[in-house]
Amino acid sequence: LDAYFNKDWQAGDNEQPPVTLDIPPALYADLEQIEILACGTSWHAGLVGKYLLEQLAGIPTNVQYASEFRYAPSPLRPNVMMVGISQSGETADTLAALATEQQRRNGLDPAYHARLVGITNRPESSLGHLVPHLIDTHAGIEIGVAATKTFLAQLMAFYALALDLGYQRKTLTEARIEEIIAGLRQLPAQIEMLLSSQDGAIEELAHEFVETQDFIFIGRGINFPIALEGALKLKEISYIHAEGYPAGEMKHGPIALLDSKVPVVAIAMPGTVYEKVISNAQEAKARDARIVGVTSLNGKHATDVFDTLLPVPVVDELISPILSVIPLQLLAYHIAARRGLDVDQPRNLAKSVTV
Ligand code: F1P
């Protein structure tokens, strides 16, 4: 872990570690719960984080919208670690939620003291100054307003945190940690391959969706937040109405929306929930929806169900969100470009929401 994420990093094929994780062991002591606070895309990274922290480190984790939490914080509990995520490090809601939490815990029993951690690519930001402990994602600033590369980097921060906690709490074997890190190490090459092999195909595909008015994205498990993020990217930069759902929730309402005019993007990465997502995609196909599938090339039945395939390299399900989100980012980008929109400066959106 140290060799991959922090102090013992040896300069080699990369210039710096994927993230710098420098959390003192005292922050983990008697830890009972983690509260994640964020907005927008960072909130989606938090949802992936919840999955990792609960499944790998066995810590109950809540993900809260900072814009809600700041006015209605959860009841105080002891031994809670608060994790604020913000790529800009300047989002007012996230800063206010963290500051509120810090203040209301002041003067209480030490078990209730705020254990604040920030995740950002801008350690020099207000978030960097507010929190005593940072996971620096080294992602640089986002050129565009809509977060893309910093989202991948925020996910990496959660792999680092969950693996570190899982190691300390002995919920993970060393062999499993090594296996996951080996998978993470392959990501840069896999991302290069994905970008070079799929960018053109997705650009072509985007032509077919220029007039589309509604999209639905579905996913399960660790890829459910990626369905939310795919939908958000499309809203933010293409101005197309899009919703993300946990695939199993479709039958509880949203399925009524489906017809031939509403494409459904199904994130079906091979793993524990693959068959379930395929069956949800089949339900949508039976309602005449066009099905776009995000899957690895070895996904069984994929070609039967999906009208269009967005292939991603073969990857462990646990780290698949880092790859599965990329075709969705590209899709939003190319549809927006095709519509003649400014992908870097979408209307009504600010680089950092400071009010
Ligand atoms: C949060 C956020 C972004 C979104 C847009 C508005 O930003 O919701 O996710 O793309 O830029 O702000 P941050 O707290 O991660 O900087």
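Trainee: Which element gives the most residues to the largest nonpolar core?

Mentor: In this predicted model, local features need pLDDT of at least 70 and side-chain atom pairs count only at pLDDT 80 or more, while totals for chains, interfaces and linings use all residues. Residues are numbered from 1 along each chain as its sequence is written. The largest nonpolar core has 117 residues, a core being a set of buried Ala, Val, Leu, Ile, Met, Phe, Trp, Tyr and Cys residues joined through C-beta atoms within 7 Å, where buried means that 20 or more other C-beta atoms, placed from the backbone, lie within 10 Å of the residue's own. With 13 residues, the element that gives the most to this core is α6, helices being DSSP runs of H or I with at least four residues, numbered from the N terminus.

Trainee: Where does this core lie with respect to the domains?

Mentor: The chain is divided into domain 1 (2-185) and domain 2 (188-338), with bounds that come from an automatic or database domain assignment. Both domains give residues to this core, so the core lies between domain 1 and domain 2.

Trainee: Which residues does Ala160 touch, apart from those up to four places away in sequence?

Mentor: Ala160 is among the residues with the most contacts inside the largest nonpolar core. Taking contact to mean C-beta atoms, placed from the backbone, within 7 Å, and leaving out residues up to four places away in sequence, Ala160 touches Phe5, Val19, Leu21 and Ile135.

Trainee: Which helix supplies the largest share of the side of domain 1 that touches domain 2?

Mentor: The centres of the two domains, taken over C-alpha atoms, are separated by 27 Å, and the contact takes 14 residues from domain 1 and 17 residues from domain 2. On the domain 1 side, α2 (40-57), α6 (149-168) and α7 (174-185) each supply at least two residues. The largest share, six residues, comes from α2.

Trainee: Which residues come nearest to the ligand?

Mentor: The shell around the ligand takes its largest share, three residues, from α2. Counting a residue as near if its C-beta atom, placed from the backbone, lies within 6 Å of the molecule, there are 16 residues around the ligand, and those that come nearest are Gly40, Thr41, Ser86, Ser88 and Thr91.

Trainee: Is Lys170 buried or exposed?

Mentor: Lys170 lies in the loop between α6 and α7, and its C-alpha atom is separated by 9.7 Å from that of Leu56, 114 residues apart along the chain. A residue is exposed if 12 or fewer other C-beta atoms lie within 10 Å of its own. Because Lys170 has 10 C-beta neighbours inside 10 Å, Lys170 counts as exposed.

How values were computed:
Two residues are in contact if their C-beta atoms, placed from the backbone, lie within 7 Å.
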